[in-house]
Amino acid sequence: MSKAFQLAWQYVCHHKVKSAVLIFSIVLTILLPVTIKILLWQFNQKVLARADETPAVVGPVGSDLDLALNATYFRHNPQAKPIPFSEVETIQASELAKAIPIHSRFTAQQFKVVGTSLDYFRYRQLQVSIGGQFATLGDCVLGAQVAKSLNLTVGDQLLSDREDVIGFGGVTPLKMNVAGILGESRSPDDWAVFVDLKTAWVIEGLGHGHEDLSNESEDSVKILKQTDKEIIASAGVVSFLEITDANIGSFHFHGDTSEFPVTAIIVDSPDVKSETILQGRFQAGSAEAQFTRPGKVMRELMQMVFRINQFFDANAMMIALSTAMLLALVVMLSLKLRSREMETMFRIGCSRGTIALLQIGELMIIFAFAALITAGLVWLVWINSASVVESLLVG
């Protein structure tokens, strides 16, 4: 038997191209469906875990899925009209829950800029590993992956992105000061830039700071109109792009802050009863906002995904069957082409059993190599699947 396998090994090594084609055909047939299964499992685990960590949210009236994704993964739908900050105040005044605002309309170096309160870090159990929390207007706290990707540390600065690509319009970028860096949490928070809600409103253009006009003369080109109560300035006034100790006092907001936008509100209720009462109030009396349970929404989404995956499973089975049939055809054609070789071996003394073992040995070697390569690749997919799914969810 050992002699037969030695001959089989020599044959496989001699016909390298043929053997490699057979091996990788088997590897791909097995690897692709297994990879999809692993990624889908990781996706299901992470989506449901994140949703369960956020039992209830309030946001713009419309798609429950859009609202759930905004509150859990900061994925903003540009078509959704933000809700006013007064909804946060309403929840707080009800004393049924603590309201944690989320403002996720902007980016910095393509990473989400999330305006929120310090309660968010307690709610998500996030710890600052370097530096501290944002303390003043213009401060930001970086997720672990943001700091790693941009090579930033405490004391550095980060510029927010423009809304438009060309750069002739839109909100003026704000240069933010890095106050701290969060420890790695293996969650979407690793990929976000956190700022105070007022800083997010400054980025949106609802607040700004500019040079002092109180000492300008009435004939100055920078003043269009001046009275005892107000000064109306021209476009020549320089607006600050960075908040510093020297100019922070000049930053102010125009309008009623209760009408300023938030994209979602995380509802932190002490118990299910309070949460249910609050849900009833929103369902009965709010035309601007809706109450959503991300866990329920995400489970419905995953049920749909798994139903669609059944078609991929059927497709994978058909591909596997086709590959098996092609492999059988290749083996039969190979035997046909090697009939003279087999006949010669029989005439020089090899038994029919030895010849059969030679054929079986060749197939076993090919399948053994395919199994080893597949196992190695599946292991690589498994150890990297979590980070791949995280990047897909926050991208």
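Which elements of the chain have the lowest and the highest mean pLDDT? In this predicted model, local features require pLDDT of at least 70 and side-chain atom pairs count only at pLDDT 80 or more, whereas totals for chains, interfaces and linings use all residues. Residues are numbered from 1 along each chain as its sequence is written, and side-chain values rest on heavy atoms, with hydrogens and water left out.

The pLDDT is the predictor's confidence in each residue, from 0 to 100. Its mean over the chain is 82, and 83% of the residues reach 70 or more. Among the elements, which are DSSP runs numbered from the N terminus (helices, H or I, at least four residues; strands, E, at least two), the lowest mean pLDDT, 42, belongs to strand E12 (residues 231–233) and the highest, 95, to strand E9 (residues 192–196). Over residues 216–226 the pLDDT is below 50, and this stretch has 24 contacts beyond near neighbours in sequence, a contact being heavy atoms within 4.5 Å.

Val114 is part of strand E4 (residues 111–116). With 0% relative accessibility, Val114 is buried (buried means under 20% relative accessible area, exposed over 50%, partly exposed in between; 1.4 Å probe, protein chains only). Apart from neighbours within four places in sequence, the contacts of Val114 include Phe74, Ile102 and Val193.

Phe74 lies in the loop between helix H3 (64–73) and strand E2 (83–84) and is buried, at 1% relative accessibility. The phi of Phe74, a residue other than glycine, is positive, near 60 degrees. Arg186, in the loop between strand E8 (175–182) and E9, has a positive phi near 55 degrees and is partly exposed, with a relative accessible area of 43%.
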